[in-house]
Structure formats: C-alpha cells, structure tokens
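Biologist: I should like to learn how to read the features of a structural model, taking one feature at a time. Where shall we begin?

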Amino acid sequence: MYADRNERNSLPVDGTGNGVARPKHWYAAYVRLYHEKKISIQLSKMGIENFLPVQEEIHQWSDRRKKIERILIPMIVFVRVTPTERAQVLTLSSVSRYMVLHGESTPAIIPDDQMERFKFMLDYSDQAIQMSNAPLTVGQKVRVIKGALTGLEGELTTIGGKTKIIVRIDMLGCAGIEMPIGFVEQI
C-alpha cells in the first residue's frame, strides 16, 4: 500500500488529483556531426524512443567492397517524447537544440503520420532514398500498389525527368524514391 501511494504521487496531476497522461510527440533534435549513432544509443539506454534514419549501401574501393550504414539526414535524430523527456534529451552534451519552424521559438512537432510513412519507406525500400529540401510543386496523391512499398501513400512528382514517389516531412523537405508509374494508383 505504501508503494502504491508513492506511485500515485509521482504521476502528473490535474486539479482533481487524478493522473494526467502526457502525450508524446515527434521532434527533430540537432546533434553534433558524426555523433548521431552514439546519441541514438544513449537515448535508447535512457528509455527514450528515437529514430535514426539509416540505409545500407555497398561502397566500392579499389581493393574491396564493404556494406556500410549511411545516415540519411546528418546531424538529426528524431525523438518521440513527453515534455519532461524532451528536456532530458537536451542534457546530452552532443545534442544542441530542437528544430523550430521559421519565426517560432517552440520546437516543431512532426505529425505521427508523416513519421510513419517515412519509416515505412525506409524499412521496405529496395533502392536508395534521397532527401531533398528543394521546393516541389504539390503533386497528385498516390498509393503504391506493387512491390515492396505496397501501401505507401505519397505524392507523384517528376524530378530530373524521372518519376518519383515523395513522402513529405514538412520541416525537413521530403524523401523520394524512383518508381515505375505502373506501381501506383491515384488516391
């Protein structure tokens, strides 16, 4: 009974004395260059949900080939945190700040659906994904119906004469992958 009382006292409370759930949101944390993997490991040890977008690539040197993990967005680690955890992330020496929208002072929240589509694209893509922050015209909304990315929703666009499926992350630009037009349908 004593332990139960302590647990109740440690929860955030509203005016009625009932525990209040703190919602978790996705944020983009800026980290020191080449410290992304180290920070991701430290955050996991702290019990903080995080996501570091990496993609495996084969690099060719004159004497050998080696599979490496390429960090897709340098100096960024995504974290899904409560307001209390958000402050804890900033206690790590290699984390400098959170991404904010132009003209604002509070950290920018990345919508859950954008993060889920981005993670889905990374998990199931056979080809290299390229990030771009170049302005794109809003294209036709499409859904992939064939291949490893079946079910992914995004925008159809043409970049450099090639048809691509784009998944937008409003604060960072977009991730794109080349795809045959026959693999998509209009939503």
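**Reading the model feature by feature**

Modeller: Let us begin with a single residue: leaving aside neighbours within four places in sequence, Q114 is in contact with V167, R168, I169 and D170. Please keep in mind that this is a predicted model.

Biologist: Where is the place of Q114, and is Q114 buried or exposed?

Modeller: Q114 belongs to helix α4, which spans residues 112-124. Buried means under 20% relative accessible area. Q114 has 7% relative accessibility and therefore counts as buried.

Biologist: How should aromatic pairs be read, and how many does a search of the whole structure find?

Modeller: A pair of aromatic rings is described by the distance of the centres and the angle of the planes. The search of this structure finds four aromatic pairs. One of them joins F51 and F118 in an edge-to-face arrangement, with 6.1 Å centre to centre and 90° between the planes. This pair links distant parts of the chain, with F51 in strand β2 (residues 49-51) and F118 in helix α4, 67 residues apart.

Biologist: Why does F51 count as buried, and what is the relative accessible area of F118?

Modeller: F51 counts as buried because its relative accessibility is 14%. F118 is buried as well, with a relative accessible area of 0%. Together, F51, F78 and F118 form one aromatic cluster.

Biologist: How should I read a strand, and which strands pair with β1?

Modeller: In a regular strand the side chains alternate between the two faces of the sheet. Here, strand β1 (residues 25-31) is mostly covered, as five of its seven residues are buried. Strand β1 pairs in the antiparallel sense with β5 (residues 76-81) over six bridges, and Y30 has I76 as its bridge partner in β5. Strand β1 also runs antiparallel to β6 (residues 95-98), joined by three bridges, with A29 opposite Y98 in β6.

Biologist: Which residues make the nonpolar surface patch?

Modeller: L33, Y34 and M75 make a nonpolar patch of about 340 Å². Of these, M75 lies in the loop between β4 (65-71) and β5. M75 is partly exposed, with a relative accessible area of 35%.

Biologist: What does the secondary structure of the chain come to, and what share of its residues is buried?

Modeller: The chain has four helices and 12 strands, and buried residues make up 35% of its 187 residues. Among contacts between residues at least 6 apart in sequence, 63% join residues at least 24 apart. The accessible surface comes to about 11,600 Å², and 51% of this area belongs to carbon and sulfur atoms.

Methods: Residues are numbered from 1 along each chain as its sequence is written. This is a predicted model: local features need pLDDT of at least 70, side-chain atom pairs count only at pLDDT 80 or more; totals for chains, interfaces and linings use all residues. Side-chain values use heavy atoms; hydrogens and water are left out. Buried means under 20% relative accessible area, exposed over 50%, partly exposed in between (1.4 Å probe, protein chains only). Helices (H or I, at least four residues) and strands (E, at least two) are DSSP runs, numbered from the N terminus. Two strands pair if DSSP finds at least two bridges between them. Contact means heavy atoms within 4.5 Å. Accessible areas come from the Shrake-Rupley method with a 1.4 Å probe; for residues, only the protein chains shown count as cover. Patches are made of residues with over 30% relative accessible area and no salt bridge: like charges are joined within 9 Å, nonpolar side chains (Val, Leu, Ile, Met, Phe, Trp, Tyr) within 5 Å. A salt bridge is a side-chain nitrogen of Lys or Arg within 4 Å of a carboxyl oxygen of Asp or Glu. Rings of Phe, Tyr and Trp (its six-membered ring) pair if their centres lie within 6.5 Å; planes under 30 degrees apart count as stacked, over 60 as edge-to-face and the rest as tilted.
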